[in-house]
Amino acid sequence: GSEPYLSQARASNERWSAALTDHLVRSGAPPHRAVRVVTLVDSALYGFHLDLATDRPDELARGVDDLARAAQELAQGGPPGS
């Protein structure tokens with residue numbers, strides 16, 4: 001959380017977010033929704049990393065599947081707060 005790592009981590013996260021947003025838009029997600037999906041995916045991946053250890057593959061697989069379904073609904077204009 002301090003320099004020089006903080007700036008490097010932010011820059012890396014911005015590149016990753018931009019690349020994922022571009023991919024989602026090219027795949028048909030509206031741009032304003034793609035940004036929301038990226039935020040959801042980024043937050044979930046961080047949570048998976050902290051909470052769902054790799055020794056619990058069934059729970060991780062379920063979480064990833066649920067995330068994919070929620071992201072798809074959000075990208076298509078469905079639920080999560082539309």
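In the predicted model, the axes of helix H2 (residues 31–51) and helix H3 (residues 57–75) come within 9 Å and cross at roughly 170°. An angle over 145 degrees counts as roughly antiparallel. H2 and H3 are therefore roughly antiparallel to each other. On the H2 side, the contact is made by Arg-33, Arg-36, Val-37, Leu-40, Val-41, Ala-44 and Phe-48. H3 contributes Leu-60, Gly-63, Val-64, Leu-67, Ala-70, Ala-71, Leu-74 and Ala-75. Sorted by class, the residues in this contact comprise 12 nonpolar, one polar and two charged.

The H2–H3 pair belongs to a protein with three helices and zero strands. Along the sequence, the pattern reads α-α-α. The remaining helix, H1, spans residues 5–26.

Thr-21 lies in H1. Its relative accessibility is 16%. Buried means under 20%, so Thr-21 counts as buried. Beyond its neighbours within four places in sequence, Thr-21 is in contact with Ala-34, Val-35 and Val-38. H2 covers residues 31–51, so these three contacts of Thr-21 fall within the H2 range by the numbering of helices as runs of residues.

For the protein as a whole, 22% of the 82 residues count as buried. The exposed surface is about 5,900 Å². Carbon and sulfur atoms supply 56% of that area. Contacts were also sorted by sequence separation. Among those between residues at least 6 apart, 50% join residues at least 24 apart.

Notes:
Residues numbered from 1 in each chain as written. Predicted model: local features only at pLDDT ≥ 70, side-chain atom pairs only at ≥ 80, totals over all residues. Heavy atoms only, no water. Axes fitted to C-alpha atoms, helices over the stretch in contact; angles between N-to-C directions. Helix = DSSP H or I, 4+ residues; strand = E, 2+ residues; numbered from the N terminus. Parallel < 35°, antiparallel > 145°, perpendicular 65-115°, else oblique. Contact = heavy atoms within 4.5 Å. Nonpolar A, V, L, I, M, F, W, Y, C, P; charged D, E, K, R; others polar. Buried < 20%, exposed > 50% of the residue type's maximum accessible area, 1.4 Å probe, protein only. Areas by Shrake-Rupley, 256 points an atom, 1.4 Å probe, with all protein chains shown as cover.
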